[in-house]
Amino acid sequence: MSTRTYNIGVACLVHDHIWRIIDGFAANPQCRVVAFAEPAEDLQAQFLKKYPDTTCYTNWREMIDREKLDILVVTTENCLTAEIAEYAAARHVHLLIEKPMAATLEQAEQILQSVKQHGVKLLINWHPNWYPAMQTSFRLVREGAIGQVYDIRIRRAHLGPREVGCTRHFYEWLYDEKRNGAGAFVDLGCYGANICRLLLGYPKEVIGWRQRLVKNDITVDDNGTMLMIYDKALGRSEASWTELPPFYDSIFLGSTGTIVTENNRVLISNDAKKQPQPIDNDVLPPHKQNAANHFIYCLENNCAPDDMCSPAISRDAMEIMTAGLISDREKRRVALPLKQ
């Protein structure tokens, strides 16, 4: 086993998912969390209370220039990820970027160009994909456990970022079209776009709809839906910031059965007369349990990240969402690939 230690830095703390990610790195014996960059004093204090031996910067450029980082965790608003990635990649720092990768397709492609040019690794973190139930359902679908999959339905819904307890630093930019990319349509709809691209491939057409149905105190959409149309399949991504109680589960329909995820359980049926029944989740090896372990595994073995956190697939998810936004705006089906 390698004894190499990897120095970890964090660019910005305004994405609330940072705490789960950085805890994974801190728990990995090959990692040392050395520095973070964040101008907000309350977030600085929160990080230093948890990791008192780290160096605090207010500017991420200064941190990257001064620290000898191996990996940079980018947890900022979506519109800034490309700028940070380009700067870090040019200094040969590997990158972990929290989903959905960027605010626009152009920014996503800028990130891919930067990491390719400078030969650094990039992992896009889709945190539900580390759950045993998700990986178990992905395996069953790929192994043909329910035959030809013709319909995937992914719904991610809760009462809204502010209402479910997200910090002000997080929900302020989620409610900003330019900084987020849209509203719930991007924040939660991105999961379905990524999973459908992962399991069904690249769609032929996309239909998108988004609207503010309930929340009069925000200016972006609070509900959205995308239909991804394939030759012999349909992918559905549903997003809501108005649902009570939360719903974060998935349905996979196949020619010989059905798979449902429910509260980190997998249920399956291959009998038309029986409802899906629970099965045991797969026992995941350490490098499939969280983003930190997986990234270190990739660096140690000089391999690309697994498909569920692949930059290329995440880029395609951005294209699907972009097509959905065009579809909603122009009230039409949008063919892929998009002409840029």
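Begin by selecting Tyr6, which stands opposite Cys31 in strand β2, and keep in mind throughout that the model on the screen is a predicted one. These two residues are a convenient way into the pairing of β1 with β2 (residues 31-37), which runs in the parallel sense over 6 bridges.

Now widen the selection to the whole sheet around this pair, an open sheet in which 6 strands follow the order β3-β2-β1-β4-β5-β6, with parallel pairing. At its edges you will find β3 (55-57) and β6 (122-125), each of which pairs on one side only. As you follow the sheet across, the twist from one strand to the next averages 20°. Add helix α2 (residues 41-50), which packs on this sheet and touches β1, β2 and β3, and whose direction makes about 165° with that of β2.

Next, select helix α4 (residues 81-89), where 7 of the 9 residues are buried, so that the helix is largely enclosed by the rest of the structure. The buried residues to colour are Thr81, Ala82, Ile84, Ala85, Tyr87, Ala88 and Ala89. To see what covers the buried residues of α4, show β1 (6-11), α3 (60-66), β4 (71-74), β5 (94-98) and α5, which are included among the covering elements.

From there, stay with helix α5 (residues 105-118) and add helix α12 (residues 311-330), since the axes of these two helices come within 9 Å and cross at roughly 165°. Angles over 145 degrees count as roughly antiparallel, and α5 and α12 are therefore roughly antiparallel to each other. The crossing in which α5 passes α12 is left-handed. To display the contact itself, pick Leu105, Ala108, Glu109 and Leu112 on the α5 side, together with Pro311, Arg315, Met318, Glu319 and Thr322 on the α12 side. Sorted by class, the residues of this contact are 5 nonpolar, 1 polar and 3 charged.

Move on to the other sheet of this tour, an open one of 9 strands in the order β14-β13-β12-β11-β7-β10-β9-β8-β15, in which the pairing is mixed. Its edges are formed by β14 (277-279) and β15 (334-335), each of which has a single partner strand, so one side of each is left without a neighbour in the sheet.

Within this sheet, zoom in on strand β11 (residues 250-254) and strand β12 (residues 257-262), which pair in the antiparallel sense over 4 bridges. Here Phe252 stands opposite Ile259 in β12. Then bring in helix α10 (residues 189-200), which packs on the sheet and touches β7, β9 (223-229), β10 (234-240) and β11, with a direction that makes about 160° with that of β7. Helix α6 (residues 132-142) can be added as well, for it lies across β7 (149-157), β11, β12, β13 (265-269) and β14, and it runs at about 170° to β12.

For the last stop, select Gln148, which is found in the loop between α6 and β7. Is Gln148 buried or partly exposed? With a relative accessible area of 42%, Gln148 is partly exposed. When its neighbours within four places in sequence are left aside, Gln148 is in contact with Lys232, Leu253, Gly254 and Ser255. Finish by drawing a distance from Gln148 to Thr256: the two are 108 residues apart in sequence, and 7.4 Å apart in space from C-alpha to C-alpha.

Notes: Residues are numbered from 1 along each chain as its sequence is written. This is a predicted model: local features need pLDDT of at least 70, side-chain atom pairs count only at pLDDT 80 or more; totals for chains, interfaces and linings use all residues. Side-chain values use heavy atoms; hydrogens and water are left out. Axes are lines fitted to C-alpha atoms, for helices over the stretch in contact, and angles run from 0 to 180 degrees between N-to-C directions. Angles under 35 degrees count as roughly parallel, over 145 as roughly antiparallel, 65 to 115 as roughly perpendicular and the rest as oblique. A crossing is left-handed if the near helix is turned anticlockwise from the far one by less than a right angle, and right-handed if clockwise. Contact means heavy atoms within 4.5 Å. Ala, Val, Leu, Ile, Met, Phe, Trp, Tyr, Cys and Pro count as nonpolar, Asp, Glu, Lys and Arg as charged, and the others, Gly among them, as polar. Two strands pair if DSSP finds at least two bridges between them. Buried means under 20% relative accessible area, exposed over 50%, partly exposed in between (1.4 Å probe, protein chains only).
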